[in-house]
Amino acid sequence: RKKWIHCFDDVTAVIFVAALSEYNETLFEDETANRMIEAIELFDQIANSRYFANSAMLLFLNKRDLFEEKIQRVAINSVSEFSDSGVALGDYEGGVQYFLQKFLEVNRSGNEVYHHVTCATDTGN
């Protein structure tokens with residue numbers, strides 16, 4: 001990432017997409033790394049990068065449909081990385097707010113993060 005980040009000096013907006021439904025999944029290339037944690041850490045690097053200091057940050061929490069189904073059967077706090085979550089099993093809105101807060105709290109840039117919960121296959125987004 002460090003080799004190409006300088007190419008984005010004049011970017012006016014960054015669109016960052018993270019899958020809400022992957023909170024209990026691991027990376028394909030590293031089965032010890034949680035996908036949501038990886039997304040939050042990457043967002044931290046990008047949102048706080050000097051290369052994007054003057055760029056609007058757009059956060060799309062995607063796959064809301066899959067998240068809504070999954071949260072009915074897999075509690076967020078059943079995942080060790082999110083054991084601090086007070087979100088009840090089946091609480092879709094609470095889960096969205098919990099993960100949104102996780103992303104927002106790593107933003108130290110002082111810039112606003114515009115966020116939206118989406119489903120890529122829903123044309124009514």
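User: Quick one on Lys-70. Is Lys-70 buried or exposed?
Analyst: Buried. Lys-70 counts as buried because its relative accessibility is 10%, and the cut-off for buried is under 20%. Bear in mind that this is a predicted model.

User: What does Lys-70 form a salt bridge with?
Analyst: With Glu-25. The closest N and O atoms of that salt bridge are 2.8 Å apart.

User: Where do the two partners sit in the chain?
Analyst: In distant parts of it. Glu-25 is in the loop between S1 and H1, and Lys-70 is in helix H2. They are 45 residues apart.

User: And Glu-25, buried or exposed?
Analyst: In between. Glu-25 counts as partly exposed, at 27% relative accessibility.

User: OK, zoom out. How many salt bridges does the structure hold?
Analyst: Six. Some of the residues involved join up. Glu-22, Glu-25, Arg-35, Lys-63 and Lys-70 are linked in a network of salt bridges.

User: Take Glu-22 from that network. Which residue does Glu-22 form a salt bridge with, in the case where the closest N and O atoms are 3.2 Å apart?
Analyst: Arg-35. Glu-22 lies in the loop between S1 and H1 and Arg-35 in helix H1, so the pair ties together parts that are 13 residues apart in sequence.

User: Which of the two is buried, and which is partly exposed?
Analyst: Glu-22 is the buried one, with a relative accessible area of 16%. Arg-35 is partly exposed, at 26%.

User: What else does Glu-22 touch?
Analyst: Leaving out residues up to four places away in sequence, Glu-22 touches Asn-34, Arg-35, Met-36 and Lys-63.

User: Same for Arg-35. Which residues is Arg-35 in contact with?
Analyst: Neighbours within four places in sequence aside, Arg-35 is in contact with Glu-22, Glu-25, Thr-26, Leu-27 and Phe-28. Arg-35 belongs to helix H1, which covers residues 35-47.

User: Give me a distance too. How far is the C-alpha of Arg-35 from that of Gly-86?
Analyst: 20 Å. The two residues are 51 residues apart along the chain.

User: Lys-63 keeps coming up. Where is Lys-63 found?
Analyst: In the loop between strand S2 (56-62) and H2. Lys-63 is partly exposed, with a relative accessible area of 30%.

User: What about the backbone there? What is the phi of Lys-63?
Analyst: Positive, about 65°, although Lys-63 is not a glycine.

User: Why flag that sign?
Analyst: Because most residues other than glycine have a negative phi.

User: Which other residue has Lys-63 among its contacts, over in strand S1?
Analyst: Ala-19, which lies in strand S1. Beyond its neighbours within four places in sequence, Ala-19 is in contact with Met-36, Asn-62 and Lys-63. Ala-19 is buried, with a relative accessible area of 15%.

User: And how far is the C-alpha of Ala-19 from that of Val-117?
Analyst: 9.7 Å. Along the chain, Ala-19 and Val-117 are 98 residues apart.

User: Change of topic. What does Arg-108 meet in a salt bridge?
Analyst: Asp-44. Their side chains meet at 3.0 Å, N to O. This pair links distant parts of the chain, 64 residues apart. Arg-108 is in the loop between helix H3 (92-104) and strand S3 (113-117), and Asp-44 is in helix H1.

User: How open are they? Buried or exposed?
Analyst: Arg-108 counts as exposed, at 58% relative accessibility. Asp-44 is partly exposed, with a relative accessible area of 22%.

User: Staying in helix H1, what is Ile-37 in contact with?
Analyst: Glu-81 and Phe-82, leaving aside neighbours within four places in sequence. Ile-37 is partly exposed, with a relative accessible area of 25%. The C-alpha atoms of Ile-37 and Thr-12 are separated by 26 Å. Those two are 25 residues apart along the chain.

User: Last topic, the surface. Which residues form the negative patch?
Analyst: Asp-65, Glu-68, Glu-69, Asp-91 and Glu-93.

User: Which element gives the largest share?
Analyst: Helix H2, residues 64-70, with three residues. Glu-69 lies in that helix.

Key:
Residues are numbered from 1 along each chain as its sequence is written. This is a predicted model: local features need pLDDT of at least 70, side-chain atom pairs count only at pLDDT 80 or more; totals for chains, interfaces and linings use all residues. Side-chain values use heavy atoms; hydrogens and water are left out. Patches are made of residues with over 30% relative accessible area and no salt bridge: like charges are joined within 9 Å, nonpolar side chains (Val, Leu, Ile, Met, Phe, Trp, Tyr) within 5 Å. Accessible areas come from the Shrake-Rupley method with a 1.4 Å probe; for residues, only the protein chains shown count as cover. A salt bridge is a side-chain nitrogen of Lys or Arg within 4 Å of a carboxyl oxygen of Asp or Glu. Lys and Arg count as positive and Asp and Glu as negative; His and the chain ends are not counted. The place of a charge is taken as NZ of Lys, CZ of Arg, CG of Asp or CD of Glu. Helices (H or I, at least four residues) and strands (E, at least two) are DSSP runs, numbered from the N terminus. Buried means under 20% relative accessible area, exposed over 50%, partly exposed in between (1.4 Å probe, protein chains only). Contact means heavy atoms within 4.5 Å.
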